[in-house]
Protein chains: 2
Amino acid sequence: MCHACVMDRVKQGMLSRRHLFTGAAALGAASVASGLISARPALAQSSGRVVDLTHAYDETFPTFDGVPGITKEWAVKFEESGYQLWKLTIFEHTGTHIDAPLHFSADGASVDELEPQQLMAPLCVLDITAKAAQDPNATVEPEDIEAWVSANGDIPAGACVAMHSGWAAKLGTPEFRGTPDGALAFPGFSKAATDMLAGLNVASIAVDTLSLDPGNSQDFAVHFSWLPGGRFGIECVAGLDQLPAAGATVFIGAPKHTGGTGGPARVMAVV
Amino acid sequence: MCHACVMDRVKQGMLSRRHLFTGAAALGAASVASGLISARPALAQSSGRVVDLTHAYDETFPTFDGVPGITKEWAVKFEESGYQLWKLTIFEHTGTHIDAPLHFSADGASVDELEPQQLMAPLCVLDITAKAAQDPNATVEPEDIEAWVSANGDIPAGACVAMHSGWAAKLGTPEFRGTPDGALAFPGFSKAATDMLAGLNVASIAVDTLSLDPGNSQDFAVHFSWLPGGRFGIECVAGLDQLPAAGATVFIGAPKHTGGTGGPARVMAVV
């Protein structure tokens, strides 16, 4: 069954989610390879407008565990040497950053091993701002993916699928991390949604919050399935409100230190 | 005098280098802004092939001062917690990395302040492998730029101009840093060449060696002019041998820690 057939049946609501997953998974490696081809139309249609999807970050940037994610001290001072540079101490999962498969698996791909072809991808933006405004732990569900497909057509193999919850606008307020009583609370993906995306050979998911899973997750079901499955995630992205739902191409500037489980990244989109 | 006029005169060999600089500088801000427009044709013509211009790096990666540029220790261990992440210590100018204006000026733009539109740019590759094979301290000279223009046409405003010296292939050997007696020796840009590029409103330069200046530089003339001039550099790039002289678009994934003088970057080209 071809990719178009699978997605047509999604659009028509004729296929259960389980069937969708099974059918799309049968596409196998050929579909992954076709991710490159899928990216071409988006580039060809580009106006050249660059949208930065990366937050600037320092020691005050919120982190999942509450510990400052970066500190810096001068290694060379300008007034002494005529040039200057910092020595940085960075916990990998800080700022706008990558979760590589190795983050949640003993032997998955490290951040330097991510396939470069997957770092330039069609970007699909799922807007869940309405329900996130009602529930800080709102999740992307299969219905959101189906609605996106109905409105925009196929999710290309190799795509990056981003959750736009509106959370980036909360940066600098306590609400970015959670509730006034200190509980983590922010939107994320549901495992049912990421299982569907895995079946469609999506290469990566992105969130504008601190975690792929919602803040109230107890089991980190997305982290424990998506990442060991050989796919990667991007957390704390910015600027999704400046992008169309479909048609942008994302450049994912993942760091390339060997053996890394992820790390701060520069992420930009071209529209 | 319009940009095309300037470059026509370069092609015709009718213009001294000083006149070229003066004339092109008069273009001012309008030409910088047009860098965005210049990038469009390259994207539109893209086949979608991604070429990674970034070296993977660890504590053994050569650095200018010989001190390991990155070290890492586990912050969370997989066998104890079911997930894992590293605490990294990084000297900013390590691996494939950015030199921001702030690196060589007291108050220049920091790496997080680089203009996003300049991080996606037409890439011009100057091949000096022949003379670098004869002289490890070979430099890009104005003649190399003129030859490139004669063969390929205008250098677009906002472009990234890269020196391809063949040095990336020496990584892992002592020759990447210098001579057997310990002296630094590798190719770089001459100040005359970067003055010309500044006059053409080039946004960034890149080298496949440890420094924008050649290894035997005593005055760091390129660092001390190009960077305080509000432009940036990229050092230790890989993969230039896989690119055409003209026609590729480079995505410069600069890090975005606030106040940084530069830092490890993910650099990729689309052909």
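When I speak of laying one copy on another, I mean a least-squares superposition on the C-alpha atoms of residues with pLDDT of at least 70 in both copies. With that in mind, and remembering throughout that this is a predicted model, let me begin with how the two chains are related. Chain B can be laid on chain A by a turn of 180° with a shift of 0.0 Å along the axis, and the RMSD is then 0.0 Å. The two copies are therefore related as by a two-fold rotation axis. The same surface serves both copies, in that 98% of the contact residues of chain B recur in chain A.

Now to the interface itself. On the side of chain B there are 59 residues in contact with 58 residues of chain A, and the area buried between the two chains is about 4,800 Å², with carbon and sulfur atoms giving 64% of that figure. If we ask which three residues supply more than any others of the area that chain B buries against chain A, they are B:F251, B:K256 and B:R266, which together supply 14%.

One of these, B:K256, deserves a second look, since B:K256 also forms a salt bridge with A:D52, where the closest N and O atoms are 2.7 Å apart. The rule finds two salt bridges across this interface, while the structure holds eight over all chains. In the pair I have just named, B:K256 lies in the loop between β11 and β12 of chain B, and A:D52 lies in strand β1 of chain A.

Turning to the wider set of polar interactions, there are 28 residue pairs in polar contact across the interface, counting pairs in which both residues are at pLDDT 80 or more. Several elements of chain B each supply at least two residues of the side that touches chain A, among them α4, β1, β11 and β13, but the largest share, seven residues, comes from β3(B). By class, that side of chain B has 31 nonpolar, 18 polar and 10 charged residues.

Finally, β3(B) takes part in strand pairing between the chains: five bridges join β3 of chain A, residues 85–91, to β3(B), and the two strands run antiparallel. To give one example that you can find in the model, A:F91 has B:K87 as its bridge partner in β3(B).

Terms used
Residues are numbered from 1 along each chain as its sequence is written. Chains are lettered from A and ligands numbered from 1 in the order in which they are written. This is a predicted model: local features need pLDDT of at least 70, side-chain atom pairs count only at pLDDT 80 or more; totals for chains, interfaces and linings use all residues. Side-chain values use heavy atoms; hydrogens and water are left out. Contact means heavy atoms within 4.5 Å. Buried area is the accessible area (1.4 Å probe) that two parts lose on being put together, summed over both. A salt bridge is a side-chain nitrogen of Lys or Arg within 4 Å of a carboxyl oxygen of Asp or Glu. A polar contact is a pair of N or O atoms within 3.5 Å; within protein, one must be able to donate a hydrogen and the other to accept it, and residues adjacent in sequence count only if both atoms are side-chain atoms. Helices (H or I, at least four residues) and strands (E, at least two) are DSSP runs, numbered from the N terminus. Ala, Val, Leu, Ile, Met, Phe, Trp, Tyr, Cys and Pro count as nonpolar, Asp, Glu, Lys and Arg as charged, and the others, Gly among them, as polar. Two strands pair if DSSP finds at least two bridges between them.
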